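User: I would like to know what stands behind the terms used for this model. Please set each value against its definition.

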Protein chains: 2
Amino acid sequence: MTTRTRRRADAERSIARIVAAARELLGRDPAATIDEIAAAAGVGRMTLYGHFPNRAELVEAALVDALADGERTLSAIDLAGDPAAALDRLLASSWSLVAESSSLLAAAQEVLPPGRVRQLHGAPAARLEELIRRGQGSGAFRADLPIGWLVSASHYLLKGAAEEARAGRLDAASVPGLVTASVRALLRPPADAR
Amino acid sequence: MTTRTRRRADAERSIARIVAAARELLGRDPAATIDEIAAAAGVGRMTLYGHFPNRAELVEAALVDALADGERTLSAIDLAGDPAAALDRLLASSWSLVAESSSLLAAAQEVLPPGRVRQLHGAPAARLEELIRRGQGSGAFRADLPIGWLVSASHYLLKGAAEEARAGRLDAASVPGLVTASVRALLRPPADAR
DNA sequence: CTTAGCTCGTACGGGAATATACGAGTTAAC
DNA sequence: GTTAACTCGTATATTCCCGTACGAGCTAAG
């Protein structure tokens, strides 16, 4: 399932550059053109079409690549021990990943069949969900709200922080602190726990 | 500054129908076409162009109208008394407003000059900010995070909840409860207050 | 060195959406 | 009832982007 007819080395290189360019441009502007991406990759538009039959497949490839990168980073994080501390570690690495490809996600939403994005995006969401669940068991996190919402809400906070940073309304250096403080607050058990 | 040459009654009516249709369609799909909006308003496309020279002005008119409606609703809310309770009242009314025009905001972001949206959107943000500030003064809300971020984060939670509801991942009836619980959590002073 | 694969320019066709031009018919306002 | 304003269809120009076709030239792989 790797390669049916072998690919030449230069083709491999072109594909890598195209995907990288797509990630970068689509990460900033979900409406980035195929022309722009090809140009940014230092490659003719026709070369791009030689590897990706249409826009959707290119976007999907970029998203898959970005997610794979993310998985590599996140899977290296130790989530054992105190859930709150583990959460901080997870968020510290997550936020920049979200920042880099938040509009890539938006681009994918527009082009890919419904549900496909969510499917591809399953692993990181599951990781956070698992951590939250564990924290709920130990009483570190609140359990009175649906866990699906807690996961989503955390995401929205991450995405929001990324957007504020990109708009220049937030200093990039201050973002990690704000994100962790906010998500911790969101997950902390309410005062009137009974 | 109201009307330089008087407008006929039927024109007034057409404009109202167009703006209403624009709010409804753009509120659901930020890419709604001028054709679609005209059709939904029960009006020829040429009539629409007679009143709005281009897409941007139509979008802006729709946004202004939606915000004016929102202002009318929000300004009726009593924000005196216990800040936490006032926050609940404010959020209960805010969330549906956000839900109805969240993608209208997105449409505006794409078409209007940068900063214009934020400028138009100033009043509701200021209202929430003022409430938060008051709550900080009385110790009801946390003061260790920048107030601008607290306001934005609340917004992102509202928008996120609206999105989840539209995607069918959240029951509309449960949204107000989740939103208020989440924003309260976000604003509650941290445990290790010193 | 030969071949198959890859690069990439130019050109073309198509679709979708915006916006303009013209003009005939209709309707509110006075 | 006259006028000015409004409605609205058809047609057309423009722009933008996607995707295809053709073909000449390069380059990695054996």
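Analyst: The questions below deal with the two protein chains and then with the DNA.

Analyst: This is a predicted model, in which local features need pLDDT of at least 70, side-chain atom pairs count only at pLDDT 80 or more, and totals for chains, interfaces and linings use all residues. Residues are numbered from 1 along each chain as its sequence is written, chains are lettered from A and ligands numbered from 1 in the order in which they are written, and side-chain values use heavy atoms, with hydrogens and water left out.

User: Why are the two copies said to be related as by a two-fold rotation axis?

Analyst: Copies are superposed by least squares on the C-alpha atoms of residues with pLDDT of at least 70 in both. Chain B falls on chain A after a rotation of 179 degrees with 0.0 Å of shift along the axis, at an RMSD of 0.1 Å. The copies are therefore related as by a two-fold rotation axis. The same surface serves both: 100% of the contact residues of chain B recur in chain A.

User: What makes up the contact between chain B and chain A?

Analyst: Contact means heavy atoms within 4.5 Å; by that rule, 24 residues of chain B touch 24 residues of chain A. The buried area (accessible area, 1.4 Å probe, lost on putting the two parts together and summed over both) is about 2200 Å², with 61% from carbon and sulfur atoms. On the side of chain B, B:Trp149, B:Tyr156 and B:Arg188 lose the most area, together 31% of what that side buries.

User: How many salt bridges are there between chain B and chain A?

Analyst: A salt bridge needs a side-chain nitrogen of Lys or Arg within 4 Å of a carboxyl oxygen of Asp or Glu, and the count between chain B and chain A is 0.

User: Which residues come nearest to DNA strand C?

Analyst: A residue is near the strand if one of its heavy atoms lies within 4 Å of it. Of the 23 residues around DNA strand C, the nearest are A:Arg8, A:Ser14, A:His51, B:Arg6 and B:Arg55. Sugar and phosphate make up 62% of the strand's atoms that come within 4 Å of the protein.

User: What makes A:His51 a polar contact of DNA strand C?

Analyst: A polar contact is a pair of N or O atoms within 3.5 Å; within protein, one must be able to donate a hydrogen and the other to accept it, and residues adjacent in sequence count only if both atoms are side-chain atoms. A side-chain N or O atom of A:His51 is 2.8 Å from a phosphate oxygen of DNA strand C, so the pair meets the cut-off of 3.5 Å.
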